[in-house]
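Let's take a walk through this protein together, one piece of architecture at a time. Keep the viewer open beside you and turn the model as you read.

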Amino acid sequence: MALSSARYFLGLDAGQTFTKAVLFTEDGRQVARGAASVATSSPRASWQERDLEDVWRAAAEAIRECLVSAGVVGAQVAGVGVCGHNDGAYLVDDDGAPTRAAILATDSRAVAEAAELGEGARGAAALAATGQIPAPYSPSALLLWLERHEPETLAKTRWYLFCKDWLRFRLTGEIATDPSEASASFTGLHEQEWSDEALRIYGLGAYRELLPPLRASSAVAGHVTRAAAEETGLAPGTPVVTGAHDVDAAALGIGAIEVGSLSVVMGTFSINQVVWDAPVGDPRWQARSFLERGRWLHMSTSPSSASNFEWAMRNWGGGADYAEVIEAARLLDPAAYREAPHFLPYLYGAPLGHGADGAQLSGLRGSHDRHDVFRAVLEGVAHQHRWHVDALRSAFTFSGAARLCGGGAKSEPWTQLMSDVLNVPLEVTDSTEAGARGAALLAAIGVGAYSGLTEAAVAAVTVVRRHEPQHHWGSVLDDRYAEFLTLMR
């Protein structure tokens, strides 16, 4: 495929902490990056909210910074893709004005509602109909909470959007969502369309009109308006595709898109997911629509990954370099694990269905030092990923090596430990911004630069490092994992 140096695609990735705009060439090479942070407020305990206008301002700032850094004008951008965190709630009225602050995926105000919707016969019906059991951040639980606590908000609300849908609306003025995000609560597991049956199970049928039109993830859902062009530096009329949930976009950005592909994301959430050509329901994972009709992404997740290490570094790192701390922790030395402490990585929440009340450091002794604590945190994160991967392994056959991205992928020792603990080969690709690259590739597919996911992934993704499970551990890791499970329960 002949490439033009003047043909670029922009991927916008709205995460839990930063919004990043990344410019790519047509073949997936990263050219420039812009980023802006978005403030989170907690007006009450367990609440996590953001001002929707702040979310848009951060996105516009990141896009401007990216284009300026690249020395690229808006007319050189052939298309824009958007991805973002799923779940939560971004509510707007008929004019597109916010009706309340956004509720984030890290919010847990709806714990009681999630339990009510997910237990007993109703929970079983929800799993069969939608592929998942509601969590506190699920749209089903949040809608029920809003009905009970803020009915006046719902009375003003016309559209229930997700984060990336709000940003695409501000770029184009068009309301829509895609199947990967819609399947958070209210689409039929097999039909991959909005489901009246799902709404009936949850007792939320009155809110069907709040659900936006469904468009394919790579479909052109609108074009940059003149007002958005002035704020971002993009050219008016630039095509913007519907976009996707950030984990689906990341799977494309690292090339884990074929049936049987396992991908692991180490960020705020421990995300472990496999693509399959039929939906398989189980309480241990969420079966959601993938980027193409007829494929599903089975995600076993919990908010328990690399953010735990970031927390430990903030508190006890003393300004040290991450790589130095990981090296000093002797992650790959079996002798270092004799009588070593354990860490349950639940600073931000435990897996669905487990009642662990926060993180736990167990077995700490006077002979231990800070390196033992850091190693326990790094190991605990790996063990939690294994819990999720083992769940998926019980039902799916993985094809080839798993692809790894996120904070942990930057460290070779930590990646090797992950491979050893999971007992799977792990590949790290050339993408440092997997979600943004996936979003940009969706835009490239949308405007016809690629015929589909496979062609885009083959052209854009390169493996730069591979880790095979090492077998010098004996029973050390399995014994440690058994101890971890005892603490977890």
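**A sheet and its helix contacts**

Start with an open sheet of 7 strands, which run in the order S14-S15-S13-S12-S18-S19-S20 with mixed pairing. As you look, bear in mind that this is a predicted model. Which strands stand at the edges? They are S14 (286-289) and S20 (463-467); each has a single partner strand, so one side of each is left without a neighbour in the sheet. From one strand to the next, the twist averages 30°.

Now zoom in on the S14 end of that order. In general, the strands of a sheet are held in pairs by backbone hydrogen bonds, and the pairing can be parallel or antiparallel. S14 pairs with S15 in the antiparallel sense, over 4 bridges. One residue to pick out here is Ser-289, whose bridge partner in S15 is Trp-296. The two strands form a hairpin with 6 residues between them, and in this hairpin Gly-294 takes a positive phi near 90°.

S15 (residues 296-302) also pairs with S13 (residues 270-276), again in the antiparallel sense, this time over 7 bridges. Find Trp-296 once more: standing opposite this S15 residue is Trp-276. Trp-296 is thus the bridge partner of Ser-289 and also stands opposite Trp-276.

Next, turn to the helices, beginning with H11 (residues 307-316) and H13 (residues 370-393). Their axes come within 9 Å and cross at roughly 165°. Because an angle over 145 degrees counts as roughly antiparallel, H11 is described as roughly antiparallel to H13. The crossing of these two helices is right-handed. On the H11 side, the contact is made by Asn-308, Phe-309, Ala-312, Met-313 and Trp-316, while H13 contributes Arg-370, Val-373, Phe-374, Val-377, Leu-378 and Val-381. Sorted by class, this contact of H11 with H13 has 9 nonpolar, 1 polar and 1 charged residues.

H13 has another contact to show you, with H17 (residues 476-488). Here the axes are 10 Å apart and the helices pack at an angle of about 85°, which makes H13 roughly perpendicular to H17. From H13, the residues Glu-379, Gly-380, His-383, Gln-384, Arg-386, Trp-387 and Asp-390 meet Leu-477, Asp-478, Arg-480, Tyr-481, Phe-484, Leu-485 and Met-488 of H17. How do the residues of this contact of H13 with H17 divide by class? There are 6 nonpolar, 3 polar and 5 charged.

Finally, move to the stretch for which UniProt, in an unreviewed entry, lists "domain: Carbohydrate kinase FGGY N-terminal", namely residues 8-253. Over these residues the chain is 37% helix and 20% strand, and the end C-alpha atoms are 16 Å apart.

Two helices to look at here are H2 (residues 111-118) and H4 (residues 139-149), whose axes come within 8 Å and cross at roughly 120°. That angle makes H2 oblique to H4, and the crossing is right-handed. In H2, Glu-113, Ala-114, Glu-116 and Leu-117 meet a set of H4 residues made up of Ser-140, Ala-141, Leu-144, Trp-145, Arg-148 and His-149. By class, the contact of H2 with H4 has 5 nonpolar, 2 polar and 3 charged residues.

Terms used. Residues numbered from 1 in each chain as written. Predicted model: local features only at pLDDT ≥ 70, side-chain atom pairs only at ≥ 80, totals over all residues. Heavy atoms only, no water. Axes fitted to C-alpha atoms, helices over the stretch in contact; angles between N-to-C directions. Parallel < 35°, antiparallel > 145°, perpendicular 65-115°, else oblique. Left-handed = near helix turned anticlockwise from the far one by under 90°. Contact = heavy atoms within 4.5 Å. Nonpolar A, V, L, I, M, F, W, Y, C, P; charged D, E, K, R; others polar. UniProt positions renumbered as here; feature names shortened; annotations may be inferred. Pairing = 2+ DSSP bridges.
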